[in-house]
Amino acid sequence: MDFFTACVWAAGIAIGVAAFGCGIGQGMGLSGAVQGIARNPESSGKVTVTLLIGLAMIESLCIYALVVALILIYAHPQAAEFAKVAMGH
């Protein structure tokens with residue numbers, strides 16, 4: 001396995017693990033917020049704002065993983081040559 005193939009595999013695994021973790025985290029946060037609103041409907045405004053901020057923070061972790069994955073793929077010194085070969089030029 002050459003270095004570029006290893007980078008592509010690492011990028012795929014990294015974004016998969018990040019999406020899995022972020023999905024679980026967001027689901028748990030949403031579940032807690034819905035339960036909080038169901039128990040105390042008057043606090044729905046504060047819970048919603050806190051939930052949205054928390055979801056944005058969790059989603060930023062997945063975006064960081066995406067950026068690292070893209071760097072792994074496109075920061076390779078010979079990435080342009082691999083792309084030309086893949087395109088058939």
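Accessible areas here come from the Shrake-Rupley method with a 1.4 Å probe. Everything in these views belongs to a predicted model.

**View 1. The whole chain, surface and outline.** Going by that method, the chain has an accessible surface of about 6400 Å². Carbon and sulfur atoms own 74% of that surface. Put a box around the C-alpha atoms along the principal axes and you get roughly 65 × 20 × 20 Å. Of the 89 residues, 15% count as buried.

**View 2. Three helices in a row.** The fold is quick to list: three helices and zero strands, running α-α-α from the N terminus on. The radius of gyration is 20 Å, well over the 12 Å that the globule rule gives for 89 residues, so the chain is more spread out than a compact globule. Look at contacts with a separation of 6 or more, and 70% of them turn out to link residues 24 or more positions apart.

**View 3. Helix H1 and what covers it.** H1 takes in residues 3–39, which makes 37 residues. From first C-alpha to last, H1 reaches 54 Å, close to the 54 Å expected at 1.5 Å a residue. Its buried residues are Phe4, Cys7, Ala11, Ala18, Cys22 and Ala33. Their cover includes helix H2 (44–74) and helix H3 (79–87).

**View 4. A closer look at Gly25.** Gly25 sits in helix H1. Is this glycine buried or partly exposed? Its relative accessible area is 21%, so Gly25 counts as partly exposed; the cut-off for buried is under 20%. Now hop over to Ala65, 40 residues away along the chain: the C-alpha atoms of Gly25 and Ala65 are separated by 15 Å.

**View 5. Helix H2 against H1.** How far apart are the end C-alpha atoms of H2? They are 44 Å apart, which agrees with the 45 Å that its 31 residues should span at 1.5 Å a residue. Leu51, Cys62, Ala65 and Ala69 are buried in H2, and the buried residues of this helix pack against H1. Ala65, the partner picked for Gly25 in the previous view, is thus one of the buried set in H2.

**View 6. The annotated stretch, residues 49–74.** UniProt, in an unreviewed entry, places the feature "transmembrane region" at residues 49–74. In the model this stretch is 100% helix and 0% strand. Its end C-alpha atoms are 37 Å apart.

Terms used. Residues are numbered from 1 along each chain as its sequence is written. This is a predicted model: local features need pLDDT of at least 70, side-chain atom pairs count only at pLDDT 80 or more; totals for chains, interfaces and linings use all residues. Side-chain values use heavy atoms; hydrogens and water are left out. Helices (H or I, at least four residues) and strands (E, at least two) are DSSP runs, numbered from the N terminus. The radius of gyration is taken over C-alpha atoms; the globule rule is 2.2 Å times the number of residues to the power 0.38. Buried means under 20% relative accessible area, exposed over 50%, partly exposed in between (1.4 Å probe, protein chains only). Contact means heavy atoms within 4.5 Å. The expected span of a helix is 1.5 Å times one less than its number of residues. UniProt positions are given in the numbering used here, feature names are shortened, and annotations may be inferred rather than shown by experiment.
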